[in-house]
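Me: I'm new to reading protein structures. Could we go through this one together, a question at a time?

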Amino acid sequence: MRLRNITGSREAIAASAYVVHEERECRGKWAEIFGNTQPLHIEIGMGKGKFIHTMARLHPEINYIGIEKYSSVLLRAIQKMEEEEKPNLKFIRMDAEEITQVFAPGEVGRIYLNFSDPWPKDRHAGRRLPSRQFLGRYDKILEAGGQLEFKTDNRELFDFAVEELAPAGWKARVITYDLHKDAALMEGNIMTEYEEKFSALGNPIYKYIICREK
Ligand code: SAM
């Protein structure tokens, strides 16, 4: 998602108290930043933030961080926070490629990837958020037994993501090729902006929940 450049979005983000600005300095200190030792769950590529805002409201016992690369998109998530503040939710504007410099080993309990950009060209496969390159990075920050949840309506991206698991040393706990028809998995499912849009068009939603092999 890349919205039109919104004038002043960078400045608004720089001034926002909801955004962590010196994120590398927080590495290993996220409990201190939140002021408690609740589990830490992150969404990478959160877009306008509907999913993570809802999760933070429903689960005050968990700390959430929404990560987004583009200021114009992140601004929307910040505006939602101005309407309803949540002490357990913070944002970072960054490229997820740098994630191991922001979270210490084992600091993250769960990672969410929702409707990640497909990067259709083969030469860009390493930029896909569920690629083996990114799984290697997630491996470094997830706690033992931590899991990653990925949803998309893009079948090619989902097939790619499933094929990446074994070579990267991960295994699927759950795989569905039609999330919205699976009553058990739909319990507690929070729809993202893209999920609402594409499921309304009749597209099936694919989802996996994965963990490390070891
Ligand atoms: N998760 C939202 C949803 O499901 O409605 C947004 C999906 S949108 C297709 C993907 C988002 O991921 C975009 O906002 C994009 O800017 C962000 N993104 C893509 N690659 C990223 C990266 N390497 N680091 C951080 N954000 C990224």
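Me: Which residues of helix H5 are buried?
Reply: Happy to help, and keep in mind that this is a predicted model. Helix H5 covers residues 132-141. Its buried residues are Phe 134, Leu 135, Tyr 138 and Ile 141.

Me: Where on the helix do the buried residues of H5 lie?
Reply: A handy rule first: an α-helix has 3.6 residues a turn, so residues three or four places apart point the same way. Looking down the axis of H5, you find its buried residues within an arc of 120°. They therefore line one face of the helix.

Me: Which strands and which helix are among what covers the buried residues of H5?
Reply: Several elements share this job. The cover includes helix H6 (155-168). Among the strands in it are E1 (40-44), E4 (108-114), E5 (142-152), E6 (170-176) and E7 (206-212).

Me: Is His 41 buried or exposed?
Reply: You can find His 41 in strand E1. It touches Ile 62, Asn 63, Tyr 64, Ile 65, Gly 109, Arg 110 and Tyr 112, leaving out residues up to four places away in sequence. The cut-off for buried is under 20% relative accessible area. His 41 has 7% relative accessibility, so it counts as buried.

Me: How much of the ligand's accessible area does the protein cover?
Reply: Start with the polar contacts: a polar side-chain atom of Glu 68 is 2.6 Å from an oxygen atom of the ligand. A polar backbone atom of Asn 114 lies 2.9 Å from a nitrogen atom of the ligand. On its own the ligand has 600 Å² of accessible area, and the share covered by the protein is 97%.

Definitions and conventions: Residues are numbered from 1 along each chain as its sequence is written. This is a predicted model: local features need pLDDT of at least 70, side-chain atom pairs count only at pLDDT 80 or more; totals for chains, interfaces and linings use all residues. Side-chain values use heavy atoms; hydrogens and water are left out. Buried means under 20% relative accessible area, exposed over 50%, partly exposed in between (1.4 Å probe, protein chains only). Helices (H or I, at least four residues) and strands (E, at least two) are DSSP runs, numbered from the N terminus. The arc is that of the directions from the helix axis to the C-beta atoms. Contact means heavy atoms within 4.5 Å. A polar contact is a pair of N or O atoms within 3.5 Å; within protein, one must be able to donate a hydrogen and the other to accept it, and residues adjacent in sequence count only if both atoms are side-chain atoms. Accessible areas come from the Shrake-Rupley method with a 1.4 Å probe; for residues, only the protein chains shown count as cover.
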